[in-house]
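New notebook page. I want to look up what surrounds the ligand in this structure, then check a few odd spots in the backbone.

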Amino acid sequence: MESKISIFITCLVFAAAFQLLLPVSEASLKVGYYKSKCKKAESIVKSTVRNFIVKNPGLVAGVIRMFFHDCFVRCEMDICKVVVNVDLRKSRLDGRVSNGSEALQLLPPPSFNLTQLEASFARNGLSTAEMVTLSGAHSIGRSHCSSFTSRLYPTIDPTMNQGFGSSLRKLCPQNAAVDGVVPQDFVSPNKLDEQYYKNVESLTALFFSDWSLLTSSETQKQVDTYTKVPGAFKVDFANAMIKMGSISDALAGSSGEVRGPTCRAVN
Ligand code: HEM
């Protein structure tokens with residue numbers, strides 16, 4: 001696998017070097033970007049990621065969440081089809097700035113109400129409908145107790161199903177020494193599907209922000225449609241992921257770099 005990664009990195013370096021010679025407009029994001037520059041790049045990444053996912057299916061949720069965070073913060077991540085079944089435009093470079101506090105300012109916390117969520121997504125060019133669709137990612141993956149314990153103590157939030165709240169209290173005791181972890185969706189924890197919207201309707205989704213989708217007739221209707229029309233969520237989700245992946249083309253030009261082997265630090 002290491003040799004595959006090194007071929008990929010070599011390819012990326014060539015591709016990026018080539019790309020840096022282009023005017024920004026020509027270097028913008030494209031579906032199939034690597035095909036002309038490094039034919040095997042995407043298939044190498046795909047099979048490498050697939051191997052990791054087979055060993056640890058929980059990675060899918062982590063990658064989808066990272067993509068969301070990345071799109072809202074500095075837009076540097078290309079995501080491959082093995083994780084989400086859509087062809088996203090690729091060719092972003094790594095940024096030259098990495099600033100942890102930016103994430104806190106730019107990402108919506110789970111305590112946000114509908115107006116705050118709408119504003120956060122609108123800042124990134126995403127509509128309320130797209131926000132409702134993308135929230136469906138909370139049908140997979142997990143959450144730390146600390147992200148929702150304010151809804152459990154001292155009393156169970158009236159916007160949460162009280163029986164569900166009592167069960168969560170057992171999994172997330174108050175003042176526990178270790179921050180526990182629970183599935184986002186207790187019904188089908190590993191399936192990216194419309195179950196999330198059923199959970200929202202039955203007040204068994206974890207976050208206040210999830211519940212907030214019931215607080216306008218427009219968003220409530222969309223939630224309800226996803227629970228009733230088979231397949232509607234998946235089509236919208238794929239389109240919304242593509243849109244989210246297009247938030248910024250900034251780093252497709254000359255403002256980025258290709259990181260060296262210690263890729264979590266700027267070169
Ligand atoms: C609407 C605003 C959103 C809020 C307030 C929010 C908040 C959160 C929080 C608090 C967690 C749990 C973190 C933890 O305690 O470990 C989480 C997990 C997750 N979120 Fe969101 N999120 C939002 C939107 C999104 C979007 C748009 C996506 C992707 C399209 C997404 C994908 C995920 C995934 C997949 C997980 C599980 C991660 C894992 O298991 O590793 N979220 N989110």
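Where does the shell around the ligand lie, and why there? I found that domain 1 (2-105 + 248-252) and domain 2 (108-244) both give residues to the shell, so it lies between them. The domain bounds come from an automatic or database domain assignment.

Ground rules, noted early: this is a predicted model, where local features need pLDDT of at least 70, side-chain atom pairs count only at pLDDT 80 or more, and totals for chains, interfaces and linings use all residues. Residues are numbered from 1 along each chain as its sequence is written, and side-chain values use heavy atoms, with hydrogens and water left out.

**The shell**

I looked up who is around the ligand, meaning residues with a heavy atom within 4 Å of it. There are 24 residues, and His138, Arg142, His144, Ser147 and Gln184 come nearest. By class I got 13 nonpolar, nine polar and two charged residues. For the classes, Ala, Val, Leu, Ile, Met, Phe, Trp, Tyr, Cys and Pro count as nonpolar, Asp, Glu, Lys and Arg as charged, and the others, Gly among them, as polar.

Next, the elements: α4 (59-73), α6 (114-122) and β1 (142-144) each supply at least two shell residues. α4 gives the most, with five. Helices (H or I, at least four residues) and strands (E, at least two) are DSSP runs, numbered from the N terminus.

**Iron and oxygens**

Which protein atom is the donor of the ligand's iron atom? NE2 of His138, at 2.1 Å, is the only protein donor. Donors here are N, O and S atoms within 2.8 Å of the metal (3.2 Å for Na, K and Ca), and water is not among the atoms, so sites may look incomplete. His138 sits in the loop between α7 (128-134) and β1.

I then checked ligand oxygen atoms. One is 2.5 Å from a side-chain N or O atom of Ser147. A polar side-chain atom of His144 lies 2.7 Å from a ligand oxygen, and for Arg142 a backbone N or O atom lies 2.7 Å from one.

**Pro108**

The unreviewed UniProt entry has a "binding site" annotation covering Pro108; such annotations may be inferred rather than shown by experiment. Pro108 is in the loop between α5 (100-106) and α6.

**Backbone oddities**

Tyr153 and Pro154 are joined by a cis peptide bond, with omega about 0°. I placed Pro154 in the loop between β1 and α8 (162-171). Asn175 has a positive phi of about 55° although it is not a glycine.

Technical notes:
Polar contact = N/O pair within 3.5 Å; in protein donor to acceptor, adjacent residues only side chain to side chain.
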